[in-house]
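Let's take a walk through this protein together. Have the structure open and turn it around as you read.

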Amino acid sequence: MARSFAASVLTVAGGTAVAQAIGLAALPLVTRLYAPESYGGFVVWLAWGGLVLPVACARLDAAIALPRRARSASALALGAAAVALAVTLMAAFALALLAAATPWLEGHGVAHLAWLVPLFVLQGALLQLAWNWLARTGGFRRLSLSRIVQAAVVALLSLGLVPWVGAGAGLLAAATLAGQLAGLAVAASGLAGSGFDLRVRPRQAWRLMRHFRRLAFFNGPHVLSDAAQNSGLPLLVAAFHGPQAAAYYGFAMRLLKAPLGLLSNAVAQVYYPRAAGHRADDGRLRRDALRLVAALSATALALLPVLLWLPERWMGALFGAAWADAAAYLRALAPWILSAFVAGPLGVLYLVKERFALDFALALAATLIAFGLLLGAQAAGLAALPSLWLLSLGMTAYIVASTIGEFHFVIGRGGRSTGPAGPAARADGPGRPGGADDRPR
């Protein structure tokens, strides 16, 4: 079983790594074809969709693995798809009101792309549902293939169609949508023979959605808070400093967070079962967490001088002269991204110790602090780069402080735990969105 689990993890992680490698390999060509203003318009468009997509299914997509029977899981998946459609329609209506009430979208050159945002949300939600179904049924190879095909189509279209339609934000948006559709087609082709059943009654889907509503209640606000930070900040950067600053911000985030996020998620995947196995022993959890922080901090400290020293001429040589100034943005954001890389895997401790409310409170505080720092910088009349330095250093300080607090309030000072035994200790503890049976109670 251990070999099978490791093989599945490697399959999914390998597919994700290949997909990210395709995107990163295409990036030097993209930056040579697309001006920062065009890329910035695409970042703004993507950020609008990113505000809604993570919660389009009300997090019911994460519950697909929980029902024991395939028919029940199918009903839940179809119910989540219906929720995604309703959320998409509401997002389209809200975006239409926003476009009519303010010229802000027009000022950033994406007003003509606004109608594509709901399509991005709906396709992304359906793709996430298909991936969760494949994960439930062990279709990890097809899941990985779907991600690779998605990345390949985006790269090919965003580069190959430039001679015919021009290098603009519209082509990047269209390529993103086509990549979603291609990935969805590959994933959906694996539903046949997997037990997925379209013949479900609406009443059954409704009852299962009510049964797993706790997942939406506990996890939805947390995910929405993260989405507000990930997508809201580039929107603020664009609003305060223009689409070119948003392009440099989005570019720097993508260049650093993609590889570091892949490594951080892999570490978290391996660390989670180990931490869960020692959930009642705070001393053991503390020692393991300290070792993990030490190892990741050594990696971050080795990378930090390289990133802070990175000269503009290197960035220009790699990605084109128009993107040389992005090196300054990369330097400004490096402390924040590296500190998040170190602290990321420790987030599993909140799951192990069932400190869901504290986890959400810290995530919400991080979002509010990030917005507050940018708004304060704007009120003080700071330019784009000083604003991002303030944001990065402020968020780094918050991550360090919250990590120290995690050692004190979540895993204590050592010894054996007297708190909850963790989600694996009970058949239906507060960390579980549903009970042992998939029938609504």
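**A buried glutamine and its surroundings**

Start with a link between two side chains: Gln 229 and Thr 367 are joined by a polar contact of 3.4 Å. Keep in mind that you're looking at a predicted model.

So where is this glutamine? You'll find Gln 229 in helix H10, which covers residues 213-241. Gln 229 has a relative accessible area of 12%, and because buried means under 20%, Gln 229 counts as buried. Once you leave aside the neighbours within four places in sequence, the residues in contact with Gln 229 are Pro 234, Trp 336, Ala 366, Thr 367, Phe 371 and Met 395.

Now slide over to helix H9, residues 202-211. Its buried residues are Gln 204, Ala 205, Leu 208, Met 209 and His 211. Look down the axis of H9 and these buried residues fall within an arc of 155°, so they line one face of the helix. What sits on the face of H9 turned away from the buried side? There you'll see the exposed residues Pro 202, Arg 203 and Trp 206.

Last stop: a pocket. The second largest pocket has a volume of about 310 Å³. Its lining is made up of 16 residues, and Ser 297, Leu 338, Ser 339, Val 342 and Val 400 are the closest to the centre. Three helices each give two or more residues to this lining: H12 (282-309), H14 (326-343) and H17 (384-409). Which classes of residue make up the lining of this pocket? It has 12 nonpolar and 4 polar residues, with no charged ones.

Notes: Residues numbered from 1 in each chain as written. Predicted model: local features only at pLDDT ≥ 70, side-chain atom pairs only at ≥ 80, totals over all residues. Heavy atoms only, no water. 1 Å grid on protein atoms, 1.4 Å probe; cavity = no way out; pocket = protein on both sides within 12 Å on 5 of 7 lines; lining within 4 Å. Points joined across faces, edges and corners; volume = space filled by probe spheres on them. Helix = DSSP H or I, 4+ residues; strand = E, 2+ residues; numbered from the N terminus. Nonpolar A, V, L, I, M, F, W, Y, C, P; charged D, E, K, R; others polar. Buried < 20%, exposed > 50% of the residue type's maximum accessible area, 1.4 Å probe, protein only. Polar contact = N/O pair within 3.5 Å; in protein donor to acceptor, adjacent residues only side chain to side chain. Contact = heavy atoms within 4.5 Å. Arc of directions from axis to C-beta.
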